Amino acid sequence: MSSGAPNAPIPLLAGAAIDGMNAYRALVEEAQRDPEAYWARLAREHLDWQRPFTRTLDATNAPFFKWFDDGLLNASYNCLDRHLANGGAARTALIFEADGGEVTTLSYGELHARVCRVANALRERGVRRGDRVMIYLPMSVEGVVAMQACARIGAPHSVVFGGFSAKSLHERMVNVGACVLITADEQVRGGRHLPLKTIADEALSMDGGENVHTVIVYRRTGGAVPWQAGRDVWLHEIEAAQSAACEPEWVDAEHPLFILYTSGSTGTPKGVQHSTGGYLLWAALTMKWTFDIRASDVFWCTADIGWITGHSYICYGPTAVGATQVIFEGVPTWPDAGRFWQMIGRHKVSIFYTAPTAIRSLIKAADSHPEVHPSRYDLGTLRLLGTVGEPINPDAWRWFAAEVGGGRCPVLDTFWQTETGGHMIAPLPGVTPLVPGSCTLPLPGIEAAIVDESGRDVPNGNGGLLVIKRPWPSMLRTVWGNPARYRAGYFPEELGGTLYLAGDGAIRDPHTGYFTITGRVDDVLNVSGHRMGTAEIESALAAHPEVAEAAVVGRPDATTGEAIVAFVVLKGQRPVDAEAQRVADALRAWVGHEIGPIAKPREIRFGDAMPKTRSGKIVRRLLRSVAKGEAIEQDTSTVENPAVISQFSKAA
Ligand code: WT7
């Protein structure tokens, strides 16, 4: 890795939204003194309410908290309409760059008009407040329009990442009870076309798919698509038939804005339900606080709308504050690994928010192909950098700071989760001296702490479980259709039932109090910043007719953070050599088809049986060591069948 990192610290930003440590401390103290008054003040100052709230927090049914619940508002109104006056309609909202490089820009006025047309079309098709709309779209202007149109009429959306399979889409569609699906003919990434509508139709043809009465199709490429007359309609046709004015549906602050599925430690994904008021407040406020967003900025978050980052820092946060942002259809490495740097120059990006995985793969590329090194591009417009999704190793942090940020730009390592709605622990550019690899301090009002297995605080310098001690407005409200899973999973009894358990390990520096996240403590993997439950991959593998048993673990990977390693026992004989290769390839393809390409195991290893304890439990810690290629020095005396360990030590 070539990092000519200057050792001079990156200067704090002058005149930031939270300007200096004293301003930060004042907010932290305000929040501690009277949390409700603090959040009420912020909600009044940063959102437009159709009817002001009089109740701030209702904790009577904890941990099912309600925030601002007698207030009325509309998310799309807050993201669009309120910016239109005084020439605001002409301000650029979206700069879209397609995979092939074509650029389209949309003003706030144009975005508003498109959202209204689609919202009207949804209403005409019978979609009412509370009805769920499924969105399965590529990164596109249309994706943002579709989400905002749902918000406008109070129809919670559920976006499924375009890389998920028909089965995954179907599972989520049925679980959420969607009546409409919005998709595209094809998705284009890295020059390759993926037939989204064909995949969507496969999902719709399975049990329960008949409950979707309307499929709206965005024509991205004009490629051939299967079509069901009556059910399927073209997006451009319904838009053309509608008015560009649409009265927003005023909803109470607790009305679900969206349900976004994420992986947990069981085989089924959970629908994380977010509210309208509390969620939007934090999306807007963190744009101001963490990103110090200003009218002159061009913001670019490289996430996909299929993940929470694309919800909070593409669809809702930037628009809620009237920002100008870049959205990108393609991938960082196509047509070459200079794509991000070239786009930053072309669109004069000033705030750049991306994933550690992308950074690591671009470091690798720049090391072997100097022509795509960031120094070859004009990155002079950058003033802030951010990372999200996984721990960033200090080397990658330093390279990003030096080679991309030129040693001038604060690098904000933002820790948060699908469930938290927005940033939880993150440096503030005008406040926090940076330390590579640390997400530093909680945002004001976020009571982060580290506890042991029984919920007791651990001293700084000792590792433990990351928890949040008080409710905050943008926290998830429940797991869709499964309140018991919400309570048991996030407010476990073992910790006393009142602490929000993030599922990550963390440690605080004894001197600075800074947090460093050490990774998940449950059976959730983080592969290229994508969250994957090992149980989901295990059940996909186990569903294959040749598989008797499967166990999935992660092993550290220099580029993707973690890599998926699957241990498989077949019903027939343990395959060796070429046969092992053939079965492994078939199983990888199978997982791709069952869940999506992002869940394909990097390695599959075969054994005659799983290493188990006498009581029949798979010995996962052993498998983790085997996956890492470590010599087995652990005590294997409790393992019933230690002989299989050596079989598993070889990759197929
Ligand atoms: C998990 C949440 C946050 C939006 C994208 C991912 C890991 C996230 C960081 C960070 C270390 C991080 C955690 C977390 N994670 N950001 N800055 N440093 N780890 O959202 O899919 O809900 O995943 O991502 O393990 O629990 P998600």
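This is a short chat about a ligand site and one helix residue in a predicted model.

User: Ground rules before we start?
Analyst: It's a predicted model, where local features need pLDDT of at least 70 and side-chain atom pairs count only at pLDDT 80 or more, while totals for chains, interfaces and linings use all residues. Residues are numbered from 1 along each chain as its sequence is written, and side-chain values use heavy atoms, with hydrogens and water left out.

User: OK, how many residues surround the ligand?
Analyst: 17, with D413, T414, T418, D504 and R531 the closest; to be near, a residue needs a heavy atom within 4 Å of the ligand.

User: What's the mix in that shell?
Analyst: Six nonpolar, six polar and five charged. Here Ala, Val, Leu, Ile, Met, Phe, Trp, Tyr, Cys and Pro are nonpolar, Asp, Glu, Lys and Arg are charged, and the others, Gly among them, are polar.

User: And which atom of the ligand does R531 go for?
Analyst: An oxygen atom, which sits 2.7 Å from a polar side-chain atom of R531. D413 has a polar side-chain atom 2.7 Å from a ligand nitrogen, and a polar backbone atom of T414 is 2.7 Å from a nitrogen of the ligand.

User: Switching topic: where does N120 lie?
Analyst: In helix α4, residues 108-124; helices are DSSP runs (H or I, at least four residues), numbered from the N terminus.

User: Why does N120 count as buried?
Analyst: Because its relative accessibility is 14%, and buried means under 20% relative accessible area (1.4 Å probe, protein chains only).

User: What does its side chain reach?
Analyst: The side chain of N120 gets to the backbone oxygen of S243, at 2.9 Å.

Notes. Polar contact = N/O pair within 3.5 Å; in protein donor to acceptor, adjacent residues only side chain to side chain. Helix = DSSP H or I, 4+ residues; strand = E, 2+ residues; numbered from the N terminus. Buried < 20%, exposed > 50% of the residue type's maximum accessible area, 1.4 Å probe, protein only.
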